[in-house]
Amino acid sequence: MMLETYKQLIVNQFEAAFCTLDLCLRRCPEATWGRPVAKSPFCQVMFHTLFFADYYLSLSEDAFRHQSFHSDHRPWFGDYEQLQDREATSLFEKPVLDVYLGHTRQKAKLAVAAETSDSLAARTGFPSRNCSRAELYVYNLRHVYHHAAQLVLRLRLDTDIDIPWVDSGWRDTF
């Protein structure tokens, strides 16, 4: 019972986080798309957020790099600059990020559905994250929400566009 409750709440929170990103993506005017959010352009922060959500939804870096979605969209990932010890420079158009958001959203559902009590208790496949897979999901969500809040603030400050709070799950209308 507790396993299914945990899995459902994690999926619901990923859905809410991705819904927030989707609202930012759809409501961001072109004039703000390239504006800085902290030190990176809006579109780059959006890609970074999806990239690391995708990364930590994988079982390991090797599994992340070799998934078919990355092979099918090789130009988007290039040399995996997000994993390098340097500033990212790639910029992304809205349709690219819309597709990547859809992929990452589906991946979250499938990854969480595949978990068992044993797999959630096991260590992650990422040496830099010394925690259980269960905690990695929470860490991943915190990262998504951190950047979603930055994007929401940029929209509010630049354009007075409001992004509503999404408490749980995906919402198609606002």
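**Notebook: pocket, helices and loops**

I began with the lining of the largest pocket and found that its largest share, three residues, comes from α3. I note here that the model is predicted.

**Entry 1. The largest pocket**

I looked up the volume of the largest pocket, which is about 310 Å³. The pocket is lined by 16 residues, and those closest to its centre are Lys39, Ser40, His48, Gln82 and Glu87. I then asked which helices each supply at least two residues of the lining. They are α3, residues 42–57, and α9, residues 133–159. I also sorted the lining by chemical class: four residues are nonpolar, seven are polar and five are charged. As background, I recorded that rolling a probe the size of a water molecule over the atoms shows where empty space is left.

**Entry 2. Helix α3**

I turned next to α3 itself. This helix has 16 residues and reaches 23 Å from its first C-alpha to its last, close to the 22 Å expected at 1.5 Å a residue. Is α3 largely enclosed or largely exposed? I found that 15 of its 16 residues are buried, so the helix is largely enclosed by the rest of the structure.

**Entry 3. Ser58, between α3 and α4**

I followed the chain to Ser58, in the loop between α3 and α4. Its relative accessibility is 4%, so Ser58 counts as buried, the cut-off being under 20%. A polar atom of the Ser58 side chain lies 3.0 Å from the backbone oxygen of Asp54. Setting aside neighbours within four places in sequence, I listed the contacts of Ser58 as Phe64, Gln67, Lys107, Phe126 and Arg133. I also checked Ala111, which is 53 residues from Ser58 along the chain; their C-alpha atoms are separated by 7.6 Å.

**Entry 4. Gln67, between α4 and α5**

Gln67 appeared in the contact list of Ser58, and I examined it next. Gln67 is in the loop between α4 (61–65) and α5 (68–72). Is Gln67 buried or exposed? Gln67 has a relative accessible area of 13% and is buried. I found a polar contact of 3.2 Å between the side chains of Gln67 and His103. With neighbours within four places in sequence left aside, the contacts of Gln67 are Asp54, Ser58, His103 and Lys107.

**Entry 5. Helix α7**

His103 and Lys107 are both among the buried residues of α7, and I therefore record this helix next, noting that its 20 residues, 94–113, should span 28 Å at 1.5 Å a residue. The end C-alpha atoms of α7 are 29 Å apart, which agrees. The buried residues of α7 also include Leu97, Tyr100, Leu101, Thr104, Ala108 and Ala111. A general point helped me to read such a list: an α-helix has 3.6 residues a turn, so residues three or four places apart point the same way.

I looked up Leu110 as well, which has its place in helix α7. At 53% relative accessibility, Leu110 counts as exposed, because the cut-off is over 50%. Leu110 and Asn130 are 20 residues apart in sequence, and their C-alpha atoms are 23 Å apart in space.

**Entry 6. Gly78, between α6 and α7**

I located Gly78 in the loop between α6 (74–77) and α7. Its relative accessible area is 45%, and Gly78 is partly exposed. From the C-alpha atom of Gly78 to that of Glu135, 57 residues away along the chain, the separation is 29 Å.

**Entry 7. Helix α9 and Asp160**

I tested the length of α9, the other helix noted in the pocket lining. Its 27 residues should span 39 Å at 1.5 Å a residue, and its end C-alpha atoms are 39 Å apart, which agrees. Just after α9, Asp160 takes a positive phi of about 60°. At 57% relative accessibility, Asp160 counts as exposed.

I compared the position of Asp160 with that of Leu23, in helix α1, residues 2–27. Leu23 counts as buried, at 10% relative accessibility. The two residues are 137 apart in sequence and 14 Å apart in space, C-alpha to C-alpha.

**Entry 8. Ala38, between β1 and β2**

What is the sign of phi at Ala38? Phi of Ala38 is positive, about 60°, although the residue is not a glycine. I noted the general rule beside this: most residues other than glycine have a negative phi. Ala38 lies in the loop between β1 (36–37) and β2 (40–41). Its relative accessible area is 67%, and Ala38 is exposed.

Note on methods. Residues are numbered from 1 along each chain as its sequence is written. This is a predicted model: local features need pLDDT of at least 70, side-chain atom pairs count only at pLDDT 80 or more; totals for chains, interfaces and linings use all residues. Side-chain values use heavy atoms; hydrogens and water are left out. On a 1 Å grid over the protein atoms alone, a cavity is a set of points where a 1.4 Å probe fits but cannot get out, and a pocket is an open set with protein on both sides within 12 Å along at least five of seven lines; lining residues have an atom within 4 Å of a point. Grid points are joined across faces, edges and corners, and a volume is the space filled by probe spheres set on the points. Helices (H or I, at least four residues) and strands (E, at least two) are DSSP runs, numbered from the N terminus. Ala, Val, Leu, Ile, Met, Phe, Trp, Tyr, Cys and Pro count as nonpolar, Asp, Glu, Lys and Arg as charged, and the others, Gly among them, as polar. The expected span of a helix is 1.5 Å times one less than its number of residues. Buried means under 20% relative accessible area, exposed over 50%, partly exposed in between (1.4 Å probe, protein chains only). A polar contact is a pair of N or O atoms within 3.5 Å; within protein, one must be able to donate a hydrogen and the other to accept it, and residues adjacent in sequence count only if both atoms are side-chain atoms. Contact means heavy atoms within 4.5 Å.
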